[in-house]
Protein chains: 2
Amino acid sequence: MKDKKQVESITDMDEDFAQWYTDVCMKAELIGYTSVKGMFILRPYGYAIWENIQAALDKKFKETGHVNVSMPMLIPESLLQKEKDHIEGFAPECAWVTVGGSEKLDERLCVRPTSETLFCEHWSQVVHSWRDLPMLYNQWCSVLRWEKTTRPFLRHREFLWQEGHTLHASAEEAIAETEQMLEIYADICENLLAMPVLKGLKTDKEKFAGAERTYTIECMMHDRKALQNGTSHYFGDGFAKAFNINFSDKNNQRKTPFETSWGITTRTIGGVIMTHGDNKGLVLPPRVAPIQVIIIPVAQHKPGVLDAAQDLEKRLKNNQIRVKIDDSDNSPGWKFAEYEMKGVPLRVEIGPKDIEKNQCVAVRRDNGEKIFISLENLEAEILKLLDAIHDNLYAMALKNREDHTFEIQSPEEAKEITEREGGFLKSKWCGSQECEQAMKDRAGVSSRCIPFPDAQSGTEGVCPVCGKKCVTDIYWGVAY
Amino acid sequence: MKDKKQVESITDMDEDFAQWYTDVCMKAELIGYTSVKGMFILRPYGYAIWENIQAALDKKFKETGHVNVSMPMLIPESLLQKEKDHIEGFAPECAWVTVGGSEKLDERLCVRPTSETLFCEHWSQVVHSWRDLPMLYNQWCSVLRWEKTTRPFLRHREFLWQEGHTLHASAEEAIAETEQMLEIYADICENLLAMPVLKGLKTDKEKFAGAERTYTIECMMHDRKALQNGTSHYFGDGFAKAFNINFSDKNNQRKTPFETSWGITTRTIGGVIMTHGDNKGLVLPPRVAPIQVIIIPVAQHKPGVLDAAQDLEKRLKNNQIRVKIDDSDNSPGWKFAEYEMKGVPLRVEIGPKDIEKNQCVAVRRDNGEKIFISLENLEAEILKLLDAIHDNLYAMALKNREDHTFEIQSPEEAKEITEREGGFLKSKWCGSQECEQAMKDRAGVSSRCIPFPDAQSGTEGVCPVCGKKCVTDIYWGVAY
């Protein structure tokens, strides 16, 4: 009864995807609400997922020569205003500190929505020569954006992220950095989170406030909406000029450097939930799962069972597998439902009969498959299964995207498909903002990305709005 | 000339310790100033020290069953006011967000100075039964305290820290937790940072706002002032009652749980600087140093030198030693001064003559000693030297404390010694706040800590102020 009740208490994802999503965030104990609207608690299980993403990213950042720093959380209003496009983009979302101690402040201070201005101010003080470049900085922190509509992971007023900021002697080097970081994000999405990505460029309309170019990775969720899942910006020398950053090059000439920034946030966890989850709850890709294997002793009061379970735990731990044993007095049925809800990739059961046969039983979270494993091959078999689960989750997500990517010839066709099927729409685009806006107005879709040159077909076609001949491929969709 | 200039530009620590300290923070590139008073940048080298402290602490927290979470950075004023002593303690230091987006907020939000109230609000929602206890939570974040006087690391308006918050079924368990976490802090100070600590209890006057007991570790700096370097608080059930947290015990009775919190901050880095630094700059204990060994190739243009240096680097890296090679075109003299300023524990030089002799030269940062090392024993010798440096730094700091701890019989004697020598003063104490205040007024010292029972002499003496017979030992000092 107890476990049945728990499963039934999640909304069916095909009936109400939004409610299903909220239910999973709550029932899997990822998120807690607070008395401030749009500010969420990342509970231990949710935060542990973020820690695993952090660890994987931080390692890659350091391998590519980046160093971590800590900038203040408050930005004076005058500093934020130094780059015109930037403040225009962020002003509506800023939260302001106006009182410190018992005194009204002379100048109000913005709780950082992003930290370009702080990095620029610092660099204007410490960068002097070509020897100081490149500056390859990153920080892990939280930022505030005073959004009107909020949802767990997808849109918080405060969210955790990393923001990389780099400064380079040449535009080419800065662009290469921007692209390199996007590749790192894509790699993390695909190989850690089992989420296939579309990589490409944002249109001018959709790019970051103050950027010359914004690169993005776009993922398709189970409900066929798009999630922008990490962005990397090339600023040219706009910020550097606004903040008077310059350096003397090898010929002792004063030069203006070129800048990038790039970020990925806890919204990625929302993406994981909406990509892989099902009606039993969360489904976590093994490489990011805080618990990869849950061991459930069956008939645990019988002699030898707990010992055998603990032996399994020890062997898997020794192989760097994140394993937990649940020997609480809850029923096996309750435990099954609990760890399914929490998306643990693999459940391993062991009872008296298994011990007799020198085996255990593994049950895959992704497809429910039951596998008998001889204890002699335990470690190798479990590792193989974890990889198989990752691969299957990736393949299912990719199939969902491929099955729901449609070539369209007109805004009307785009509208009809979007309303019926959802998904990504692919077309040519003439490059005009009017046609982009027309897609929004007439089909209800926004541009997601312009694929990189190597993923462009190169063939000529026509813009679905104005009918002009053009070659550029573009993706459209309804986004979170 | 160049390297000489760099060394000369630090103030002599015996002439002006405060200026020496600021010079080291700047010249070793630990800290950057910003346009907001009291809000500092932790530059890459400073942040890397914090990352090493974090990693060591986080490992210990997890080994003792704690999990990380993320709470919001903003606290509604009404929530902060729920525990009377707590808000009284923190109100004068709060910074307030009053505007979000373009709208004035209905209720102003405090940027967290500490997060007891947020943890309590959450627990009041999620704790129901004895099965939910203990809650062993921690978060890594920054907090704001609107201090009037600020100094790098020692007193920031925003500082990085961890704050542990735990909830227990019994007072005994909560007290044991409070003491356990203090022991972890003491262990990190002594074994990672080579800083000897005095452990003990704060007086009621000095304890944390809302706490029943505050435990502390106190370190003596090179200038013989005290630094409070980590605190652990036992709250009893005060917060739990104020926030209406309760649980049903095994007999199905409603009970109020007991709470703790404990924190250590980036001020610890200030402590490291002021404990070990010298007139050449920073001196870092090897286990926390971002660079443990700096390799300087000598006559690096000569054939074979760079290869030999890189070979050293590779061998040390393979032994998990944090090593860097500086093959820039700066002079060896400049490099020597640079890495001495940055406090790198060990410098390894290798040049053509060394290669001939199959050796390298190691120079210790702590005492300048020069050691010839046969390349055959490289790894073992370097590891041995790093341990020796740690031990020597610890021993020197301990000697400084022992040489400057004085038993005193009266406030006047305390004043005289403090003005002449500085250091810790030890006496009996009757336990009255009047006598404690008299020590402040008449000797200029504050109580630092009451040693734990196992470090109490147990002998009877008299309170230096009122002359009453008493047995409690206490330490006094001038604190940062």
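# A tour of chains A and B

Start in chain B of this predicted model by selecting strands β5(B) and β6(B), which pair in the antiparallel sense over five bridges. Within this pairing, V99(B) stands opposite K104(B) in β6(B). The two strands form a hairpin with two residues between them, and G101(B) in this hairpin takes a positive phi near 65°.

Keep β6(B) on screen and add strand β4 of chain B, residues 74–76. Strand β4 and strand β6 (residues 103–111) of chain B are antiparallel and share three bridges. To find the register, select P76(B), which stands opposite L109(B) in β6(B).

**Across to chain A**

Now show strand β5 of chain A, residues 95–100. This strand pairs with β5(B) in the antiparallel sense, over five bridges. One position to label is A95(A), which stands opposite G100(B) in β5(B). Strands of a sheet pair through backbone hydrogen bonds, either parallel or antiparallel.

Next, colour the whole contact between the chains. Chain B contributes 51 residues and chain A contributes 51 residues. Together the two chains bury about 4100 Å², with 58% of that area on carbon and sulfur atoms. Select P44(B), S70(B) and M73(B): these supply 13% of the area that chain B buries against chain A, more than any other three residues.

For the charged and polar pairs, turn on side chains. Four salt bridges are counted between chain B and chain A. In one of them, E51(B) meets K62(A), and the closest N and O atoms are 3.0 Å apart. The interface also has 19 residue pairs in polar contact, counting pairs with both residues at pLDDT 80 or more. On the side of chain B that touches chain A, strand β5 (residues 95–100) of chain B gives the most, with six residues. By class, that side of chain B has 30 nonpolar, 12 polar and nine charged residues.

**The five-stranded sheet of chain B**

Move along chain B to an open sheet of five strands, in the order β16-β15-β17-β18-β19, with mixed pairing. At its edges are β16 (323–325) and β19 (370–374) of chain B, each pairing on one side only. Neighbouring strands here are turned by 25° against each other on average, direction ignored.

Within the sheet, select strands β17 (residues 346–350) and β18 (residues 359–364) of chain B, which run antiparallel and are joined by four bridges. Here L346(B) stands opposite R364(B) in β18(B). Then add helix α10 (residues 305–317) of chain B, which packs on the sheet and touches β15 (293–297), β16, β17 and β18 of chain B. The direction of helix α10 makes about 165° with that of β15(B).

**Backbone stops**

Most residues other than glycine have a negative phi, and most peptide bonds are trans. Three places to check against that are listed here.

- Select L133(A) and P134(A): the peptide bond between them is cis, with omega near -5°. P134(A) is in the loop between α6 (116–126) and β7 (135–144) of chain A.
- Select L133(B) and P134(B): this peptide bond is cis, with omega near -10°. P134(B) lies in the loop between α6 (116–126) and β7 (135–144) of chain B.
- Select A299(A): its phi is near 50°, a positive value in a residue other than glycine. A299(A) is in the loop between β15 (293–297) and α10 (305–318) of chain A.

Conventions. Residues are numbered from 1 along each chain as its sequence is written. Chains are lettered from A and ligands numbered from 1 in the order in which they are written. This is a predicted model: local features need pLDDT of at least 70, side-chain atom pairs count only at pLDDT 80 or more; totals for chains, interfaces and linings use all residues. Side-chain values use heavy atoms; hydrogens and water are left out. Contact means heavy atoms within 4.5 Å. Buried area is the accessible area (1.4 Å probe) that two parts lose on being put together, summed over both. A polar contact is a pair of N or O atoms within 3.5 Å; within protein, one must be able to donate a hydrogen and the other to accept it, and residues adjacent in sequence count only if both atoms are side-chain atoms. Ala, Val, Leu, Ile, Met, Phe, Trp, Tyr, Cys and Pro count as nonpolar, Asp, Glu, Lys and Arg as charged, and the others, Gly among them, as polar. Two strands pair if DSSP finds at least two bridges between them. Axes are lines fitted to C-alpha atoms, for helices over the stretch in contact, and angles run from 0 to 180 degrees between N-to-C directions.
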